[in-house]
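Reader: I am new to this structure and would be grateful for a close look at one part of it. Please begin with a single side chain and its surroundings, and then widen the view step by step.

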Amino acid sequence: MALPSSSDWASLPMNLLDSILDCLVPTEDYLTFSEVCIEWQYAVGEKLQHLRSNHKRHCRLHQKAPLLMAPTTDNTKERCCLYDVMKGKSLWEFQLSLGRWKCEGSSHGWLILVEDDSYKVDLLNPYSLKLIHLPPLEKPWSFEYSGHIYEASFPSARRRSVLSIDPDVNRDEFVLMMTRDGLMRKVAFIKSGEEDWTYIEGLEDVKDIVYSNGLFYVLDGWGMLYSCDVSKDLKVRRITSPENNLCCLVLHLVESPEGDFLRIIRQKYTGKFVIHKLVWFSKNPRWEEVTSLGDVALFLGQNHSTSVVASDFAGCRPNSIYFIKPCRYPDYLHANVYVVSLNDRTVTRLYPRSESPLLWISPKFR
């Protein structure tokens, strides 16, 4: 029997492709399936959209565990790979030549790029190579000393960057919120189609940002949580009170699969993690410590953090924290990836030390 030609594969009926997808559960199978042709990539997107619209609880299909965006094995600066830390292998490689652009993070599978000199911002979909140009950010203030100009910024620090929605879903309605460079990390946002960034006054030393149910939530260095409604006129509301013992600690804000806000504190020198859940009261919302995540795993990074139901992904460890730990020296930067079990506090390295930046990215199929 003669094998079908490539054009025949592309013309397979949608209901047949849908039946095949029912048998493919792991993320890596969907990535491979979607690479065959545009029609098969479309079929994967339609499958995921159908599951979301019918509110089916099948996380392996509609919730995606983050992959690690890392250098390829030959360590070339022109390519990257998506690495599955749970299975310990690379799933996919793609071209990424940044030049003077710096990758500041990922949100909804898009990369947020900032140009070193001009501070222009681009959104790049590494799967489809779609590119969205945005206006430049304000440059950090500078000062002169002994005849030299110095910028008040941290070149090795990554900005927090969060999209409200996937621009592939609606290119006319997304909002991007980012921390801006400077000694006190302030925050700015821009809506699609706008020509200027809006800088939010009063929010300083911003540690993390989450978008949930139509609002951005911002966590600062004093442990205070703010909600930011940017839908029409900007409305900022403080939710929690300041705390005095959080200076020099690493803070993350994550939304759990159940919709709770989690504040994760990592002590730089001991490596200990402390987790608080936001308990909502009508007059006094507050953080309360939790000692177990149950069947949840957290993925913490410099750019953006997320959570998954561990039992929905083969090899994912429940009640654990997967985290990227950067190590800075005067002349270079390297990063490690670890997982810590909250059951017995054991720490396991998951990826060789990298001299290139590492970040979590959610796989896209469209």
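Author: The side chain of T179 reaches the backbone nitrogen of R160, at a distance of 2.9 Å. The model in which this contact is found is a predicted one. T179 belongs to strand β11, which covers residues 175-179. Its relative accessibility is 1%, and because buried means under 20%, T179 counts as buried. Leaving out residues up to four places away in sequence, T179 touches R159 and R160, then R185, K186 and V187, and also V206 and I209.

Two of these neighbours, R160 and I209, lead on to another part of the chain. H304 also touches R160 and I209, along with S106, S161, V162, F299 and W360, again not counting residues up to four places away in sequence. H304 is located in the loop between β22 and β23. With a relative accessible area of 21%, H304 is partly exposed. The contact of H304 with S106 joins distant parts of the sequence: these two residues are 198 residues apart along the chain, yet their C-alpha atoms are separated by 7.1 Å.

The loop between β22 and β23 (306-309) also holds S305. At 4% relative accessibility, S305 counts as buried, whereas H304 is partly exposed. The side chain of S305 takes part in two contacts that may be followed in the view. One is a polar contact with the side chain of H252, at 3.4 Å. In the other, the side chain of S305 reaches the backbone nitrogen of G301, also at 3.4 Å. Neighbours within four places in sequence aside, S305 is in contact with R160, D208, H252, L253, V254, F299 and L300. R160 thus appears among the contacts of T179, of H304 and of S305.

From S106, the view may pass to a sheet. S106 is a contact of H304, and β4 spans residues 101-107. An open sheet of four strands is arranged in the order β4-β5-β6-β7, and its pairing is antiparallel. β4 and β7 (131-134) are at the edges with a single partner strand each, so one side of each has no neighbour in the sheet. On average, and with direction ignored, neighbouring strands of this sheet are turned by 25° against each other. Strand β6, residues 121-124, runs antiparallel to β7 and is joined to β7 by four bridges. One bridge pairs L123 with I132 in β7.

The loop between β6 and β7 contains L129. The phi of L129 is near 65°, a positive value in a residue other than glycine. In general, most residues other than glycine have a negative phi. L129 counts as exposed, at 57% relative accessibility. N213 offers another case: its phi is positive, about 50°, although N213 is not a glycine. N213 is placed in the loop between β14 (206-212) and β15 (215-220), and at 77% relative accessibility N213 counts as exposed.

W360, listed above as a contact of H304, opens the way to the interior. V337 touches W360 as well, together with L68, V85, F323, I324, T348, R349, L350, Y351 and L358, not counting residues up to four places away in sequence. V337 is a member of the largest nonpolar core, which has 22 residues; L68, V85, C316, Y322 and V337 touch the most other members. The elements giving two or more residues to this core are β1 (67-71), β2 (79-84), β22 (296-300), β24 (320-328), β25 (333-341) and β26 (347-354). Of these, β25 gives the most, with three residues. A second core is separate and has 17 residues, including V114, Y119, V121 and A188.

The whole chain gives the setting for these details. The protein chain has five helices and 27 strands. It consists of 366 residues, of which 50% count as buried. Among the contacts with a separation of 6 or more, 44% are between residues 24 or more positions apart. The accessible surface of the chain comes to about 18700 Å², and 50% of that surface belongs to carbon and sulfur atoms.

Methods
Residues are numbered from 1 along each chain as its sequence is written. This is a predicted model: local features need pLDDT of at least 70, side-chain atom pairs count only at pLDDT 80 or more; totals for chains, interfaces and linings use all residues. Side-chain values use heavy atoms; hydrogens and water are left out. A nonpolar core is a set of buried Ala, Val, Leu, Ile, Met, Phe, Trp, Tyr and Cys residues joined through side-chain atoms within 4.5 Å. Buried means under 20% relative accessible area, exposed over 50%, partly exposed in between (1.4 Å probe, protein chains only). Contact means heavy atoms within 4.5 Å. Two strands pair if DSSP finds at least two bridges between them. Axes are lines fitted to C-alpha atoms, for helices over the stretch in contact, and angles run from 0 to 180 degrees between N-to-C directions. A polar contact is a pair of N or O atoms within 3.5 Å; within protein, one must be able to donate a hydrogen and the other to accept it, and residues adjacent in sequence count only if both atoms are side-chain atoms. Accessible areas come from the Shrake-Rupley method with a 1.4 Å probe; for residues, only the protein chains shown count as cover.
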